[in-house]
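Trainee: I'm new to this one. Can you walk me through it?
Mentor: Sure. Let's have it in front of us.

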Amino acid sequence: MLRLTFARTAAVARAASHARTSAITPRVVLQQVRYESSKTPEERKKLLEVRDDLQRDWDAKVITYEELKPKTLQPSPDAYLIDVREPDEVVQGSIPSAVNLPLSVLPNALHFSPEEFKEKFGFEKPRKDQELTFYCRSGKRSTTAADVAKRNGYTNILNYTGSWLEWTEREGKGSKSA
């Protein structure tokens with residue numbers, strides 16, 4: 001059993017050393033595995049969430065359904081509601097006034113010239129200080145998108161973590177974009 005644990009730990013350590021610049025020794029990883037192996041699944045999940053929170057550089061301000069709804073009824077050219085789902089997901093519907101900029105292309109798209117951006121996505125490239133509200137299906141990709149935007153110099157970022165699932169629940173199932 002110990003050999004199996006050490007072999008797995010050594011493999012994890014090798015993978016981790018390739019992923020990061022600082023190598024992790026098998027002993028340190030083994031201690032971590034032993035420490036976490038004595039925890040219940042719920043305790044391990046909580047530890048992972050705490051670790052993830054510590055590793056996250058930045059969190060966008062979260063916007064609620066109640067705060068977002070009026071923005072969809074009277075959209076402003078100075079604020080974008082950005083759907084970061086893939087186009088095949090967007091065909092199911094989208095929040096009114098939203099534009100689609102898939103997370104898979106977002107990092108590169110933010111480096112396009114304004115002309116290139118408009119030609120590729122059909123709307124003006126957002127300004128660095130423009131209000132950007134991100135949403136996706138369930139709130140995970142929108143959080144990543146907000147982080148990507150922040151790392152690219154955007155400063156007025158909101159994250160609708162309820163995203164499409166909450167929107168359709170609140171609005172009724174057949175909601176399509178306006």
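**Rings, cores and a pocket**

Mentor: Y65 is buried, and W167 is buried too. Keep in mind that this is a predicted model.

Trainee: How do the rings of Y65 and W167 pair up?
Mentor: They form a tilted aromatic pair, 5.3 Å centre to centre with 55° between the planes. The pair links distant parts of the chain: Y65 is in helix 4 and W167 is in helix 9, 102 residues apart.

Trainee: How many aromatic pairs does the structure hold?
Mentor: Five. Another is F117 with F121: the centres are 4.9 Å apart and the planes are at 50°, so that pair is tilted.

Trainee: Where do F117 and F121 lie?
Mentor: Both are in helix 7, four residues apart, about one turn of the helix. Both are buried. Ring pairs also join them with Y80, F112 and F123 in a cluster.

Trainee: New topic. Which residues have the most contacts inside the largest nonpolar core?
Mentor: I82, V84, L101, L106, F123, F134 and I157, in a core of 22 residues. Helix 8 gives the most to this core, four residues. A second, separate core has ten residues, including Y65 and W164.

Trainee: What sits over the ring of W164?
Mentor: The charged end of R85, 4.9 Å from the ring centre.

Trainee: And pockets? What volume does the second largest have?
Mentor: About 160 Å³. It is lined by 13 residues, and K71, S76, A79, Y80 and L81 are the closest to its centre.

Trainee: Which classes make up that lining?
Mentor: Six nonpolar, five polar and two charged residues.

Technical notes. Residues are numbered from 1 along each chain as its sequence is written. This is a predicted model: local features need pLDDT of at least 70, side-chain atom pairs count only at pLDDT 80 or more; totals for chains, interfaces and linings use all residues. Side-chain values use heavy atoms; hydrogens and water are left out. A nonpolar core is a set of buried Ala, Val, Leu, Ile, Met, Phe, Trp, Tyr and Cys residues joined through side-chain atoms within 4.5 Å. Buried means under 20% relative accessible area, exposed over 50%, partly exposed in between (1.4 Å probe, protein chains only). Helices (H or I, at least four residues) and strands (E, at least two) are DSSP runs, numbered from the N terminus. On a 1 Å grid over the protein atoms alone, a cavity is a set of points where a 1.4 Å probe fits but cannot get out, and a pocket is an open set with protein on both sides within 12 Å along at least five of seven lines; lining residues have an atom within 4 Å of a point. Grid points are joined across faces, edges and corners, and a volume is the space filled by probe spheres set on the points. Ala, Val, Leu, Ile, Met, Phe, Trp, Tyr, Cys and Pro count as nonpolar, Asp, Glu, Lys and Arg as charged, and the others, Gly among them, as polar. Rings of Phe, Tyr and Trp (its six-membered ring) pair if their centres lie within 6.5 Å; planes under 30 degrees apart count as stacked, over 60 as edge-to-face and the rest as tilted. A charge sits over a ring if NZ of Lys or CZ of Arg is within 6 Å of the ring centre and within 35 degrees of the ring normal.
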